[in-house]
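Good morning, and thank you for joining this meeting. I shall introduce one structure and take its parts in turn.

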Amino acid sequence: MDTVRITINGISVDARRGSTILEAARAAGIKIPTLCFLKQVNAIGSCRICVVDVKGARNNVAACTYPVSDGMEVLTGTAEILKARKATLELILSNHRMDCLTCLRNQSCELQQLAMEFGLEHMRYVTDKSEPEIEASEMHLVRDNSKCILCRRCVAVCKHHQSVAVIGPNDRGYATHISCAFDRNLAEVPCVSDGQCIVACPTGALTEKDDTEKVWQALGDPSKHVVVGVAPSIRVTLGECFGNPVGTNVEGRMVAALNRLGFDNVFDINHTADLTVMEEGTEFTRRFEAKDRLPMITSCSPAWIRFCEKMYPEFIPNLSSCKSPQQMFGAITKTMYAKDKGIDPKDIVTVSIMPCTAKKFEIHRDNQQAVPGLADVDISITTRELARMITRAGIIFNELPEEAFNEIASTAGFIFGTTGGVMEAALRTVYEVVTGGAPESVEFLEVRGIGGIKEVNYDIGGRTVRVAAASGLASAKKLLDMIKSGEKEYDFIEMMACPGGCVNGGGQPIQSASVRNFVDLRKARAAAIYSADSKAEMRKSHENPFIKRLYEEYFDEPGSHKAHEALHTTYKAQPKYKL
């Protein structure tokens, strides 16, 4: 590695050439505070919280963007530097509404943490932000500009990672605020509900709409049978809300917590991920044989579907007609499960725990009702909302015993939680259906990894199948543009709206920039999924006994008329803007 020798606070340090002072200091065990900076998202050096003294520089420099050079001498904690940072922080707080005790981001707010670290025990400048500035037109998000610090992290992730770019700075000077063009509501612009802006926000300016009260009401209603379904990735992220290291698999304690919250049944959505493989794999096989509407594109990610409907409607015929695992969970709960239990579907409340804020939008989509007049899923909450419910119920999460789901799913469903997982799970089954034999390995490693676009050709039964997997809507856009131009041709494509897939969803635990700048959350969380998969005995969806019974007793076979009535849906072009 090409390195340079610098001095930080009198200590000689070898730093990677091209790295920043922030990175070099961290490698040397020195923390420099940041606020606007978020690695691979936003690097504009505007907040000035990270300023340091560099010998020979005319002014203090922003450590997050200033590159190291050989012989550089840096001071990070002089009295002058600390005074400058504190004054900047006080000015930011002077324009911030501080109702910290009732804020959803209380104790996970980066601004609050900095105030504690700098010992701000009283306000030198009195804020005039006394009232909320709420915009809540979308089903998944609440924006409160009275808590916005103009860091622009949300703007950067929406524009550069997601290629949606529906928010940005409006007005000038003291009146500057983050909003949509012409201050329109989010519901009037092409927002796709992915929630990446929420997990990028350092304060409570952006939060998910909290639907936990609806769950509490359902649990408290003796006339309702309340069933909860947990998405694959939740078990490797929920623990972070309770101080566990990133990538800890807490499946057993998670199930125990849900049992103690009082749900009538706790369902593993890995099962309906397996069901999605059966339906989507059958659909792909039929399309591939008929050369019909290729490439077929997965439909598990509701933010991706919304992006396609708004931005690339010409690809709607290429979408799989399968509902997402969340919607399939609701569908079989209100059909097969209701029949088996002898319960009127109207008396069942289905609750999903999801890594994705777009799931709050998905449950309200048209053509998503297996039982006419009833939503497949009634309430969708995020990982963060579940953590708040566990805390509110007085459950000591880290002291819970390990408890198991009633029925064990295959890990093919589990790997849906990371980018490439849907594709790999489908290939494990499609290969056997087409060839009649097992592949040499169930691990299709070429579609793994956190890269934006992965592409590979597989020989299946003597025929070449061209596949690709894209995560992050910027990557999806790039891939679709290459297909439109004729530069690329594929047969099967997995699309995930969030970079890295569901493990990095907009509903996952908030991690501060001090963690995200130096820990790859996507990689650590995905590693926990693949570790569990590698140790499992049942790794193929078609081997799942629950799925076999489902077809034998209810849906006959994958792709049947019954299956289409309950498990499939339609999509249509949507206007970008509401006038």
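Let me begin with a pair of residues in a sheet: the bridge partner of Arg143 in S10 is Leu206. Please bear in mind throughout that this is a predicted model. Strand S7, residues 141–144, is joined to S10 by three bridges, and the two run antiparallel. These strands belong to an open sheet of three, ordered S6-S7-S10, with antiparallel pairing. At its edges are strand S6 (134–135) and strand S10 (206–208), each of which pairs on one side only.

S10 leads us to helix H4. Which residues of helix H4, residues 153–161, are buried? They are Arg153, Cys154, Val155, Ala156, Val157 and Cys158. Among the elements that cover these buried residues are S10, helix H3 (110–117) and helix H5 (196–200). The cover also includes strand S8 (168–170), strand S9 (177–179) and helix H16 (513–516). After H4 comes Ser163, which has a positive phi, near 55°.

I turn now to a pair of helices. Helix H8 (residues 270–290) packs against helix H10 (residues 325–341) at an angle of about 100°, and their axes are 8 Å apart. H8 is therefore roughly perpendicular to H10. On the H8 side, the contact is made by Thr272, Ala273, Leu275, Thr276 and Glu279. These residues meet Pro325, Met328, Phe329 and Ile332 in H10. Sorted by class, the contact of H8 with H10 has six nonpolar residues, two polar and one charged.

The last topic is the aromatic residues. How many aromatic pairs does the structure hold? There are eleven aromatic pairs. One of them joins Phe267 and Phe546 edge-to-face, at 5.7 Å centre to centre and with 70° between the planes. Because Phe267 lies in strand S12 (residues 265–268) and Phe546 in helix H18 (residues 545–555), this pair ties together parts that are 279 residues apart in sequence. Are these two rings' residues buried or exposed? Phe267 counts as buried, at 14% relative accessibility, and Phe546 is buried with a relative accessible area of 5%.

Tyr554 and Phe555 also form an edge-to-face pair, 5.0 Å centre to centre with 85° between the planes. Here Tyr554 counts as partly exposed, at 22% relative accessibility, whereas Phe555, at 0%, counts as buried. Finally, one aromatic cluster is formed by Trp304, Phe307, Tyr312 and Phe315.

Terms used. Residues are numbered from 1 along each chain as its sequence is written. This is a predicted model: local features need pLDDT of at least 70, side-chain atom pairs count only at pLDDT 80 or more; totals for chains, interfaces and linings use all residues. Side-chain values use heavy atoms; hydrogens and water are left out. Two strands pair if DSSP finds at least two bridges between them. Helices (H or I, at least four residues) and strands (E, at least two) are DSSP runs, numbered from the N terminus. Axes are lines fitted to C-alpha atoms, for helices over the stretch in contact, and angles run from 0 to 180 degrees between N-to-C directions. Angles under 35 degrees count as roughly parallel, over 145 as roughly antiparallel, 65 to 115 as roughly perpendicular and the rest as oblique. Contact means heavy atoms within 4.5 Å. Ala, Val, Leu, Ile, Met, Phe, Trp, Tyr, Cys and Pro count as nonpolar, Asp, Glu, Lys and Arg as charged, and the others, Gly among them, as polar. Buried means under 20% relative accessible area, exposed over 50%, partly exposed in between (1.4 Å probe, protein chains only). Rings of Phe, Tyr and Trp (its six-membered ring) pair if their centres lie within 6.5 Å; planes under 30 degrees apart count as stacked, over 60 as edge-to-face and the rest as tilted.
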